[in-house]
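Visitor: Before we begin, I should like to see the grounds for each term that you apply. May we have the sequence and the model in view?

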Amino acid sequence: TSWSASAIAWVAVAAHIGGWLAVLWLLRDELDDLALIALTLVWFSVAQYESFVWGWALHGPLTLLFSVLAIVAVEARRDRSGVLLAIVCCGLGSYCTAPGLVSWIACAGALITRRRWPAAFWLLLAGVACVATYFAGYVRPGGYAALQFRIVTEGVRTAIDVALGALALPF
């Protein structure tokens with residue numbers, strides 16, 4: 001219906017703004033005016049405005065929101081409740097869409113850099129369980145879906161090659 005499509009678009013906008021605010025909180029001591037402008041331009045790209053009107057595009061902003069909130073949880077709460085909240089956020093981000101699985105690594109990285117080894121262990125253990133349940137029973141698609149999968153993986157490989165090339169430029 002038209003009201004539900006509108007509601008989904010507004011939820012996507014709210015999730016996207018929530019993720020941006022969470023990133024601003026994480027970088028509150030590091031941002032100057034120019035960096036804030038750059039972050040905002042990257043976060044709210046022109047492509048995102050088009051995606052907000054598509055109901056099926058809700059997974060992207062939700063994945064970003066939950067991934068950033070997981071890192072905010074371990075940074076803001078330095079006890080077990082922060083780790084538990086991060087596990088919940090990473091799990092929700094993972095089940096929104098497959099790229100959300102990377103949130104486990106990012107959040108564990110935040111814990112490891114703070115030398116919070118037991119918390120990182122439990123988070124990674126929960127991440128392994130999440131990945132195992134995510135791919136349990138996965139069957140590689142055939143036919144047209146296999147062709148789409150091959151096109152996407154080749155695109156990802158190209159993007160990785162370009163990124164690694166760009167990183168190597170200064171050296």
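Guide: A residue counts as buried when its relative accessible area is under 20%, and as exposed when that area is over 50%. Please bear in mind that this is a predicted model.

Visitor: Which residues of H4 are called buried on that basis?

Guide: In H4, the buried residues are Pro 61, Leu 62, Thr 63, Leu 65, Phe 66, Ser 67, Val 68, Ala 70, Val 72, Ala 73, Val 74 and Glu 75. For the protein as a whole, 31% of its 171 residues count as buried.

Visitor: How do you know that the length of helix H4 agrees with its number of residues?

Guide: Helix H4 covers residues 59-76, which is 18 residues. At 1.5 Å a residue the expected span is 26 Å, and the C-alpha atoms at its ends lie 25 Å apart, so the two values agree.

Visitor: What makes Gly 100 a buried residue?

Guide: The cut-off for buried is under 20%. Gly 100 has a relative accessible area of 0%, and is therefore buried. Gly 100 belongs to the loop between H5 and H6.

Visitor: Which residues are in contact with Gly 100, leaving aside its neighbours within four places in sequence?

Guide: Contact requires heavy atoms within 4.5 Å. With those neighbours set aside, Gly 100 is in contact with Thr 63, Cys 90, Gly 93 and Ser 94. Thr 63 is itself among the buried residues of H4. As for His 59, its C-alpha atom is 9.5 Å from that of Gly 100, with their positions 41 residues apart along the chain.

Visitor: Why is Gly 109 called partly exposed?

Guide: Partly exposed denotes the range between the buried limit of 20% and the exposed limit of 50%. Gly 109 has a relative accessibility of 27%, so it counts as partly exposed. Gly 109 is part of helix H6, residues 102-113. From Gly 109 to Ile 71 the C-alpha distance is 9.4 Å, although the two are 38 residues apart in sequence.

Visitor: Why is Arg 115 called exposed?

Guide: Exposed means over 50%; Arg 115 has a relative accessible area of 64% and is therefore exposed. Arg 115 sits in the loop between H6 and H7.

Visitor: What is the phi of Arg 115?

Guide: Its phi is positive, about 55 degrees, although Arg 115 is not a glycine. Most residues other than glycine have a negative phi.

Visitor: What makes up the lining of the largest pocket?

Guide: A lining residue must have an atom within 4 Å of a pocket point. Arg 80, Val 83, Leu 84, Ile 87, Arg 116, Pro 118, Ala 119 and Trp 122 line the largest pocket, which holds about 160 Å³ of space. Helices H5 (80-96) and H7 (117-135) each supply at least two of the lining residues, and H5 gives the largest share, four residues.

Visitor: How many residues of the lining are nonpolar, and how many are charged?

Guide: Six are nonpolar and two are charged, with no polar residue in the lining. Arg counts as charged, and Arg 80 and Arg 116 are both in the lining.

Visitor: How many helices and strands does the whole protein have?

Guide: There are eight helices and zero strands, and the pattern along the sequence is α-α-α-α-α-α-α-α.

Technical notes:
Residues are numbered from 1 along each chain as its sequence is written. This is a predicted model: local features need pLDDT of at least 70, side-chain atom pairs count only at pLDDT 80 or more; totals for chains, interfaces and linings use all residues. Side-chain values use heavy atoms; hydrogens and water are left out. On a 1 Å grid over the protein atoms alone, a cavity is a set of points where a 1.4 Å probe fits but cannot get out, and a pocket is an open set with protein on both sides within 12 Å along at least five of seven lines; lining residues have an atom within 4 Å of a point. Grid points are joined across faces, edges and corners, and a volume is the space filled by probe spheres set on the points. Buried means under 20% relative accessible area, exposed over 50%, partly exposed in between (1.4 Å probe, protein chains only). The expected span of a helix is 1.5 Å times one less than its number of residues.
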